[in-house]
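Reader: I would like to go through how the labels attached to a bound ligand are justified. Please show me the model, and I will ask about the reasoning behind each term.

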Amino acid sequence: MTRYVYDFSEGSMEQKDLLGGKGANLAEMVRIGLPVPAGFTISTDACRAYLRTQQAPAELADEVSAHLARIEGQMGRRLGDADDPLLVSVRSGAKFSMPGMMETVLNIGLNDESVKGLAAQSGNPRFAWDSYRRLMQMFGKTVLDMDGDIFETRLEQMKAARGVEQDTELTAEDLESLTTKYRLAIQNATGRDFPQDPREQLDMAVLAVFRSWMGERAVLYRRQERIPHDLGTAVNVQAMVFGNLSEDSGTGVCFTRDPATGEKGVYGDYLMNAQGEDVVAGIRNTHPLHDLEADSPEAYKELRAAMDTLEHHYRDLCDIEFTIERGTLWMLQTRVGKRTAEAAFRIAGQLIDEGTITEQEALTRVTGAHLTALMFPRFDASAATAELTRGVAASPGAAVGAIVFDTADAQAKAAAGEDCILVRTETNPDDLGGMIAARGILTSRGGKTSHAAVVARGMGKTCVVGADSLVVDTENRTIAIRGEAGHFLNEGDVVSIDGGTGAVFEGAVPVVASPVVDYFEGRVQPESATDEIVRAVDRIMTIADRERRLKVRANADTPADAARAVRFGAEGIGLTRTEHMFLGERRQLVEHLILAETEEEREAALESLRPLQVQDFAEIFTAMGDRPVTVRLIDPPLHEFLPDYTHLAVKVAVAESEGHSSPADVKMLQAVTRLHESNPMFGLRGVRLGITTAGLFEMQIRAILEAFRVVRRAGAHGTVEIMVPLVDAVEELDLVREEAEAIAREFGEEPGAGKNVAIGTMMELPRACLTAGRIAQSADFFSFGTNDLTQTTWGFSRDDVEGSFFSAYLDKGVFGVSPFETIDVDGVGRLVELAVAEGRAAKPGLKTGVCGEHGGDPESVHFFHRAGLDYVSCSPFRVPVARLEAGRAAVMQG
Ligand code: PEP
Ligand code: MG
């Protein structure tokens, strides 16, 4: 039979699934002998049972009774006792922290009788009546579902009637009469009296916590944080201790290291004669932790010892909540603490030095997201600027610019070379142009999956959303600051937004380059770096490179990108897209090719492109030295290189009506019309284009091999991999391979796996993956194009969907993150796994890699490690993140 209740003395920190994070950590503190007020945890199993049946499991009541009796025994008090009552708190605690998303009820056990007992025992009637009215207030709001304002209004009325401003100025009698008013309100709202039976209070509070798992806030939070909805929450029932009982009582929070910088020391805040919420609410100024030594020397000593014990035990930075009741220290909560990116790297290094963790373990203490955060330019911390407000950090970076309210203004500013920040209540697809033109985006509404957040992340643009203290008035072109009458910002005023923290500043905050990027660029040497973060990053990267199995390459189309990729640690190029090489002045040559009417004209057009291509490739090969380079044959449809259809059609029509049409324009319009496609992404592109446009692939292959010969003769030992895009069927690959092999032989090369020249294919269409065994026979390597593979597996137009309905899909929970950002393991990932397995079955040792955007996404890198790929390839800037995550994947998955 399932057991639902566990005493704190029965669990351990390993049991987060069953006991939730808070419960497991409380149990662990008891286990290692720290002073924790007695209590028990009702398991997540009980919550799940409740959510299934809308009823508490039948056994729960008896189990709670038995454990309650145990607490009563330990504390020497009974729940609801008229003379000396035990009070308990009822708190939620899921496996993953969901701060403030679920319910808590304190002071359970007070009723009309026990409140007098508490007053007598504590010698403090005011405290007793205040505790009772707080219970009614919390109970009414969270358990009875009443509007919180009902209580707040009565409290405010009482203060007004007494002519006081602070709650603390109300007397015991005031608070007692407030409880009468609260009871009446409860009766009016619910038709029944506030429950006087303490056990009934307890049972109702437990169910309310269960229910709060499905509360709107909690559901939304889980969606955003990608926490599964079926976990359920545990409930912790614990004897109350009071920090507001006397002058030698108090409460506070502390960290075993500075969560902002990682520095060791004494970090924390506390307040004497106060409750936890007073510390957080910021009504009274808290004191720094080291002052506690003077205020409560014994408790301070004990707390410092407990901090050491916890850090030693958890082998990591811990964050702790404590209460002192009449000089006695009680530990109320601990957990491995959240920290900034900088602190994460520094602490990982410190813990290796201290002999606390191994180098491999250090890789589990940092993430690619931390590293990404450290690579963005940031605001100069020394430039003291007051924060205007704070929203949700949606897309990192530091952006400064003038406020604009719409696309037209953003584009006008950008055209004038001025930086601007697009400010909206929320964005929609119509704002896309403005989002592109602006340096950053700021909204007053929405969370991490709002339209603005999704699109900005996709563009790599700095973005802060949900800054709800801003009232954006697009009509009058102002922003008002809620609660600050008369404080307005106007269109054109400068603001600075920090997409890594969500901070918004008035005015221009100076931006400084990231020292971590300086390090990757080779501008700063770790040994001589003044910034400790550089040494910490270097150290972790060295470990990651040693541990990883996946190789990391870069997607680079220019020599400059290639050189940067090498500096950032790329071991080769996984994708050179050649289409960029046909733009600019060369566009005309492509036009000649398309418009050619005779064989000679076509050949001449190709011949004019060839030497340019030789030069392009030679420069890239040179930048890559002895490393492998994958060059992809041209992929996009040719009409992308021609003028816009509508524009040209209008021009020709106007000219014709005025009787002076240009034959060149007419010819061009015919070509544009002939090549026009309704769905170009699925039309004449990739290998289809190569097979049907005589000489095009041939010209590119010749140019690649010519360039390759030049750099080989100059002493480089790299290899070249010629890659065919958008293959559906092995027959397509065979046609290109045959042609390529013949050309290669002219250059004295015999292409094959492991040879100087290899010929392989993109795997970016479902059919290719489903027939991978056959395709492998003709391919020296597979490179998964997960951008197209995502588009074609889902049937999503990759250029359209992120800006249109994705935010709705994210909001409604169709998926937790865009499948263009993080690989969809269940669908697209399955095709990848299938293709790797069948490809390698047909050709053992077949080299496989990925060159879609997912190659630089942390979560996806872990999948590619698991799927057994040989390498990931991503944009140069993401190469360090891919290296780190590949190392982490090796350590975490083995
Ligand atoms: C891909 O489809 O994943 C890919 C890398 O090719 P492109 O993005 O150029 O279509
Ligand atoms: Mg593609």
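Reader: What makes the pair formed by ligand 1 and the side chain of Arg577 a polar contact?

Author: In this predicted model, an oxygen atom of ligand 1 is 2.7 Å from an N or O atom in the side chain of Arg577. The cut-off for a pair of N or O atoms is 3.5 Å, so this pair counts as a polar contact.

Reader: Which polar backbone atoms are paired with an oxygen atom of ligand 1?

Author: A polar backbone atom of Thr786 is 3.0 Å from an oxygen atom of ligand 1, and for a polar backbone atom of Asp788 the value is 2.9 Å. Taken alone, ligand 1 exposes 290 Å², of which the protein buries 95%.

Reader: Why is ligand 1 said to sit in a pocket?

Author: The term requires that more than half of the atoms of the molecule lie within 2 Å of the grid points of the pocket, and ligand 1 is assigned to the second largest pocket, so ligand 1 meets that condition there.

Reader: What surrounds ligand 1, and which elements supply the shell?

Author: There are 14 residues around ligand 1, and the closest are Arg577, Gly785, Asn787, Asp788 and Arg798. At least two residues of the shell come from each of β27 (573-577) and α31 (786-794), and α31 gives the most, with three residues.

Reader: How is the shell around ligand 1 divided by class?

Author: Seven residues of the shell are charged, four are polar and three are nonpolar. Arg and Asp count as charged and Gly as polar, so among the closest residues Arg577 and Asp788 are charged, whereas Gly785 is polar.

Note on methods: Residues are numbered from 1 along each chain as its sequence is written. Chains are lettered from A and ligands numbered from 1 in the order in which they are written. This is a predicted model: local features need pLDDT of at least 70, side-chain atom pairs count only at pLDDT 80 or more; totals for chains, interfaces and linings use all residues. Side-chain values use heavy atoms; hydrogens and water are left out. A residue is near a molecule or strand if one of its heavy atoms lies within 4 Å of it. A polar contact is a pair of N or O atoms within 3.5 Å; within protein, one must be able to donate a hydrogen and the other to accept it, and residues adjacent in sequence count only if both atoms are side-chain atoms. Accessible areas come from the Shrake-Rupley method with a 1.4 Å probe; for residues, only the protein chains shown count as cover. On a 1 Å grid over the protein atoms alone, a cavity is a set of points where a 1.4 Å probe fits but cannot get out, and a pocket is an open set with protein on both sides within 12 Å along at least five of seven lines; lining residues have an atom within 4 Å of a point. Helices (H or I, at least four residues) and strands (E, at least two) are DSSP runs, numbered from the N terminus.
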